[in-house]
Amino acid sequence: MSYTALYRKYRPASFEDVKGQEHIVTTVRNQIKAGRIGHAYLFCGTRGTGKTTIAKIFAKAVNCEHPIDGSPCGECAVCRAIAAGSSMNVVEIDAASNNGVDNIREIRDEVAYAPTEGRYRVYIIDEVHMLSIGAFNALLKTLEEPPSYVIFILATTEAHKIPVTILSRCQRYDFHRISVETISERLQELLQEEHAEAEEKAVRYIAKAADGAMRDALSLLDQCMSFYMGQKLTYDQVLEVLGAVDTERFSRLMRFIVAKDIVKVLRCIEELVMEGRDLGQFVNDFTWYLRNLLLLQSSDDAEEILDISSENLALLKEECAMMRAEELIRDIRIFSELSNQIKYATQKRILIEIALIKLCRPQMEEDYGSVIERLEQLEKKVEEGVTIVQKTAAAEPDNRNIDDEKPAPPIPKAVPEDIRQAVQNWQAIVSELSGMTRTYIRKAHLSLGGDNVLLIVLDDPLGKEVLSEAEHLDEIQKAIAQYIGKSVEVRVQINETERPFEESYVDLTKIIHMDIEYEDDDEIK
């Protein structure tokens, strides 16, 4: 016998089995018990919330030979025929593929005949919003004056696309998204019936990932159980199967962003890519993580709203103290815009890296929130004793020679021989470096940083951060030692003088009378 998917195997067969839609189940059962059955119903709601399921149970209940408290018995011939899909009294129509006028005209012709068994002929039209205008007009006449034995149940995920003339002739029921608690309880019941085990944290994550849809939750559980057949399903395994990211990793990434450490932030993305994580899912989950931070910071009672463990809650509280609400709002805006762009992007990683660099570098944006953050960074530097050099937009002209006022960099008495050799072989040394190190060091200038210290000066803050990393710095020193046979101390520094390099530092290439010309990357071996 072929395998049956969990969402089909455990589809509710009675109203008692339906979870999360008690407001609809109670109303429909009361109508059936009281004999106040309408001729047209409209079931609205997101996918996987039980619209078609309740429609089928309703069709069985109104035709059941022995109903029990408004619910079908499931044992009579009519119930079994409807459950098997062989009953002529229940007709399911997919409006997505049968949306023409001719399809609806066939229904109009069929309703003229009374059911051969049972009391009602029930038409379930799924995705009814896909019908054409002509089809809606053809359906309208039948909805206005239907025979007493005909019931229409229209199901849709987009009720706003249905004409008002149709809406006004139906009883409308809005299906709610099913809560995480309700989905988790249902999944635990099914795991027991399947004789399978899973961590509570793993089940809860699946329920949360389903986004209020019971069918999606069952499909995700089916997928995870199939991958780890016969094993106890763990939280880490669920994350691996679904391509999701652990909340603790979000916390680590957030702390790197607060520290403005772009290199470590980009390394986090590199890890996600190498592990095969779903980048679109990462963007959505991280946006929710930022949202949780904002809620926790904005309200004293937010802990009751957030569905997270006590350990993750402690991490969130620490990060709340590191950031302001304005920063979080700006970060959420950037990632919300990113979530719209990434759906159709071919280079998802690049878009994510740009967004994360924006979070670390507010000066890259010109919105109000970014300006405020930049001002606060300047205030912090002033408090720490860092001198802020202010440029004047238009200085008054005078007769003084401005070039004479610029302090010239000190001229060294002699350049150490090992540093002179390193500079003379600089092009060959650079060609031996790895991709990222070579990319940034080609933009650097060479100067003296004291006794026997080779100073690498950059204008780019990101390049300075990359080359200052221990592994990159060690790579540069080893490459120099390989060529000149001596160890040279190397120091990386950013040009913070706000003047050109030649006006502030000793340019070794000029002293040694060299012009360093680099080859293209594809020519360097």
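The following exercises, with worked solutions, concern helix packing and sheet architecture in a predicted model.

**Exercise 1.** Determine how the axes of helix α2 and helix α3 are oriented towards each other, and which residues meet.

*Solution.* Begin with the geometry of the axes. Helix α2 spans residues 22–34 and helix α3 residues 51–63; their axes come within 11 Å and cross at roughly 15°. Angles under 35 degrees count as roughly parallel, and α2 and α3 are therefore roughly parallel to each other. The handedness comes next: the crossing in which α2 passes α3 is right-handed. Finally, inspect the contact itself. From α2, the residues I24, V25, V28 and I32 take part, and they meet I54, F58, A61 and V62 of α3. Classified by character, the residues of this contact comprise eight nonpolar, no polar and no charged.

**Exercise 2.** Establish the strand order of the open sheet and identify which strands stand at its edges.

*Solution.* Five strands form the open sheet, in the order β2-β3-β4-β1-β5, and their pairing is parallel. Reading the ends of this order gives β2 (90–94) and β5 (171–174) as the edge strands; each has a single partner strand, so one side of each lacks a neighbour in the sheet. From one strand to the next, the twist averages 15°. A helix can then be placed against this arrangement: α5 (residues 101–110) packs on the sheet and touches β2, β3 (121–126) and β4, with a direction that makes about 170° with that of β3. Angles over 145 degrees count as roughly antiparallel, which is the category into which the angle of about 170° between α5 and β3 falls.

**Exercise 3.** Describe the partners of β4 and decide whether its residues are buried or exposed.

*Solution.* Consider the pairing with β1 to start. Strand β1 (residues 40–44) pairs with strand β4 (residues 150–156) in the parallel sense over five bridges, and C44 stands opposite T156 of β4. Next, take the pairing with β3: five bridges join β3 to β4, and the two run parallel. Here Y123 has F152 in β4 as its bridge partner. Turn now to the two faces of β4. On one side lie V150, F152, L154 and T156, on the other I151, I153 and A155, and all are buried. Buried means under 20% relative accessible area. Seven of the seven residues of β4 are buried, so the strand is largely enclosed by the rest of the structure.

Methods: Residues numbered from 1 in each chain as written. Predicted model: local features only at pLDDT ≥ 70, side-chain atom pairs only at ≥ 80, totals over all residues. Heavy atoms only, no water. Axes fitted to C-alpha atoms, helices over the stretch in contact; angles between N-to-C directions. Helix = DSSP H or I, 4+ residues; strand = E, 2+ residues; numbered from the N terminus. Parallel < 35°, antiparallel > 145°, perpendicular 65-115°, else oblique. Left-handed = near helix turned anticlockwise from the far one by under 90°. Contact = heavy atoms within 4.5 Å. Nonpolar A, V, L, I, M, F, W, Y, C, P; charged D, E, K, R; others polar. Pairing = 2+ DSSP bridges. Buried < 20%, exposed > 50% of the residue type's maximum accessible area, 1.4 Å probe, protein only.
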